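Q: I should like to learn how to read the sheet and its surroundings in a structural model. Where should the reading begin?

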Amino acid sequence: LLSTVKVYGRDAGLLLDEETPTTATDAYGQSKAQAEGVARAWGTRTGCRVTLLRLAPVVSTQLSGNLAGLQRAIRRGYYVQIGDGQNRRSLVRADDVAAILPRAAEVGGTFNLNDGQHPT
């Protein structure tokens, strides 16, 4: 199951691991946490291995969503830096997600997936 780090309900730049409690308060994070629970229960009931990948925001060479909007704003000169510009954001490349899926499925468990870089 592809999930999201939004299940943690955190907006601050904290280091999270798979043992961090899932305390999402928004509908998106809560729905993903509930889907994880359904998948785990199904795995327990059927004896099937379940793998949960909690993804950081996914990027590719062709940006979409909020990142595409940010890129357009920067190109048009509308970007305004707030604070010292050192806010860090974890990301994960779409091709890395595709590459890890078969290997993660063989193992089972819950994994946070990001690029390990946390750029500003």
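A: One begins with the strand order. In this predicted model, an open sheet of 3 strands has the order S1-S2-S5, and the pairing is parallel. S1 and S5 are the edge strands, each pairing on one side only. From one strand to the next, the twist averages 30 degrees.

Q: What packs on the sheet, and which strands does H3 touch?

A: Helix H3 packs on the sheet and touches S1, S2 and S5. The direction of H3 makes about 145 degrees with that of S2.

Q: How is the pairing of strands to be read, and how many bridges join S1 to S2?

A: Strands of a sheet pair through backbone hydrogen bonds, in either a parallel or an antiparallel sense. Here, 3 bridges join S1, residues 2–4, to S2, and the two run parallel. Leucine 2 stands opposite leucine 53 in S2, and serine 3 has arginine 54 of S2 as its bridge partner. S2 also pairs with S5, residues 109–113, in the parallel sense over 5 bridges. In that pairing, threonine 110 of S5 is the bridge partner of leucine 52.

Q: Which way do the residues of S2 point?

A: In a regular strand, side chains alternate between the two faces of the sheet. In S2, Thr51, Leu53 and Leu55 point one way, whereas Leu52 and Arg54 point the other way. All of these residues are buried.

Q: Why is S2 described as largely enclosed?

A: The reasoning rests on burial, for which the cut-off is under 20% relative accessible area. In S2, residues 51–55, 5 of the 5 residues are buried, so the strand is largely enclosed by the rest of the structure.

Q: Is serine 3 buried or exposed, and what does serine 3 touch?

A: The same cut-off of under 20% applies. Serine 3 has a relative accessibility of 6%, and therefore counts as buried. Its place is in strand S1. Not counting residues up to four places away in sequence, serine 3 touches Lys32, Glu36, Leu53, Arg54 and Leu55.

Q: Which residues make up the largest nonpolar core?

A: The largest nonpolar core has 6 residues, namely Leu53, Leu55, Val92, Val97, Ala104 and Leu113. S2 and helix H3 are the elements that give two or more residues to this core. Leucine 55 may be followed further: leaving aside neighbours within four places in sequence, it is in contact with Leu2, Ser3, Thr4, Val5, Val92, Val97 and Leu113.

Q: How does one check the length of a helix, and what span should H3 have?

A: The check compares an expected span with the separation of the end C-alpha atoms. At 1.5 Å a residue, the 14 residues of H3 should span 20 Å, and the end C-alpha atoms are 20 Å apart, which agrees.

Q: Where does H3 bend, and what follows just after H3?

A: H3 bends by about 40 degrees at leucine 101, and proline 102 follows within four residues. Just after H3, glycine 108 takes a positive phi of about 80 degrees.

Q: How many helices and strands does the protein chain have, and in what order do they run?

A: The protein chain has 3 helices and 5 strands. From the N terminus on, the order is β-α-β-β-α-β-α-β.

Q: What do the values for the protein chain add to this picture?

A: Of its 120 residues, 22% count as buried. The C-alpha trace spans about 55 × 30 × 20 Å along its principal axes. Among contacts with a separation of 6 or more, 70% are accounted for by residues 24 or more positions apart.

Note on methods:
Residues numbered from 1 in each chain as written. Heavy atoms only, no water. Buried < 20%, exposed > 50% of the residue type's maximum accessible area, 1.4 Å probe, protein only. Pairing = 2+ DSSP bridges. Core = buried A, V, L, I, M, F, W, Y, C linked by side-chain atoms within 4.5 Å. Contact = heavy atoms within 4.5 Å. Axes fitted to C-alpha atoms, helices over the stretch in contact; angles between N-to-C directions. Expected span 1.5 Å × (residues − 1). Bend = angle between axes of the 7 residues up to and from the residue.
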